[in-house]
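Open the model in your viewer and keep the sequence panel beside it. The tour below goes from one selection to the next.

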Amino acid sequence: MNELTRTLILIKPDGYSRGLTGTILQRIEAKGYTLKALSVVNASEEQLASHYAEHVNKPFYPGVRDYMMSGPIVAVIVEGYRVIEGMRSIMGATDPTTAAPGSIRGDLACASSDDTIRNLIHGSDSLESATREIAIWFPELA
Ligand code: CDP
Ligand code: MG
C-alpha cells in the first residue's frame, strides 16, 4: 500500500522571473498531485544555509546562495502517492542541458554564462529531507 506523502518544491528565482510559475504548477497538477500550501517569498541567507545544509561548504554554494536570493521564489507543499520520487522524475536531472526532454528542467531551462546551475525547480530527495525542508519554508505547518 502507498501512503499519501508530501514534498517541498521551490520554484527558483529564474522560474518566477521568467513567468513560469503557472506552467510548472500546471505540470505538477497534470501529473495528478495536489497543491497543499503555496507562498511567494524572498529567501533569507539563514533559510538557504539550512535548506542546502549538505552543500553549504562546497565551492559552488556561494553562487547557489546568490542565485536563490536574486529574486522571489515560490515555496509549495505538494501531496500525492510516491510524490517525492514522482516530482524528482518530472523535474529531471540537475543539469538542464542534459536533463531529459519532457522534464521541467529539460524542456524549460539551459546553461548560462557562469557555472551556477539555474534549473527552475527544487524538489526534496527523501522523506527525511521533505520533513526538514517543509519546516524551513512553512514553519507554521511543521
Ligand atoms: O537540485 P538537485 O537535488 O537536483 O541537485 P543538488 O546536487 O542537490 O544541488 C542543489 C542545487 O545547487 C542544484 O539544483 C543547482 O541549482 C545548484 N548546483 C550548482 O549550481 N552547481 C553545482 N555544481 C551543483 C549544484
Ligand atoms: Mg539535491
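A polar contact here is a pair of N or O atoms within 3.5 Å. The model is predicted, and every distance below is computed from it.

**Stop 1: ligand 1 and its polar contacts.** Select ligand 1 together with Thr94. A polar side-chain atom of Thr94 is 2.6 Å from an oxygen atom of the ligand. Add Arg105, which places a polar side-chain atom 3.1 Å from an oxygen atom of ligand 1. Then show the backbone of Ile117: one of its polar atoms lies 2.7 Å from a ligand oxygen. On its own, ligand 1 has 500 Å² of accessible area, and the protein covers 81% of this.

**Stop 2: the surrounding shell.** Now select the residues around ligand 1: Lys12, Tyr52, His55, Phe60, Val64, Tyr67, Arg88, Thr94, Arg105, Thr116, Ile117 and Asn119. Colour them by class to see five nonpolar, four polar and three charged residues. With a surface switched on, look at the space that ligand 1 takes up, which is the largest pocket.

**Stop 3: strand β1 and its partners.** Select β1, residues 4-11, and β3, residues 73-81. These strands run antiparallel and are joined by eight bridges. Next add β4, residues 121-123, which pairs with β1 in the antiparallel sense over three bridges.

**Stop 4: Ile11.** Which residues are the bridge partners of isoleucine 11 in β3 and in β4? In β3 the partner is Val74; in β4 the partner is Ile121.

Definitions and conventions. Residues are numbered from 1 along each chain as its sequence is written. Chains are lettered from A and ligands numbered from 1 in the order in which they are written. This is a predicted model: local features need pLDDT of at least 70, side-chain atom pairs count only at pLDDT 80 or more; totals for chains, interfaces and linings use all residues. Side-chain values use heavy atoms; hydrogens and water are left out. A residue is near a molecule or strand if one of its heavy atoms lies within 4 Å of it. A polar contact is a pair of N or O atoms within 3.5 Å; within protein, one must be able to donate a hydrogen and the other to accept it, and residues adjacent in sequence count only if both atoms are side-chain atoms. Accessible areas come from the Shrake-Rupley method with a 1.4 Å probe; for residues, only the protein chains shown count as cover. On a 1 Å grid over the protein atoms alone, a cavity is a set of points where a 1.4 Å probe fits but cannot get out, and a pocket is an open set with protein on both sides within 12 Å along at least five of seven lines; lining residues have an atom within 4 Å of a point. A molecule sits in a cavity or pocket if more than half of its atoms lie within 2 Å of its grid points. Ala, Val, Leu, Ile, Met, Phe, Trp, Tyr, Cys and Pro count as nonpolar, Asp, Glu, Lys and Arg as charged, and the others, Gly among them, as polar. Two strands pair if DSSP finds at least two bridges between them. Helices (H or I, at least four residues) and strands (E, at least two) are DSSP runs, numbered from the N terminus.
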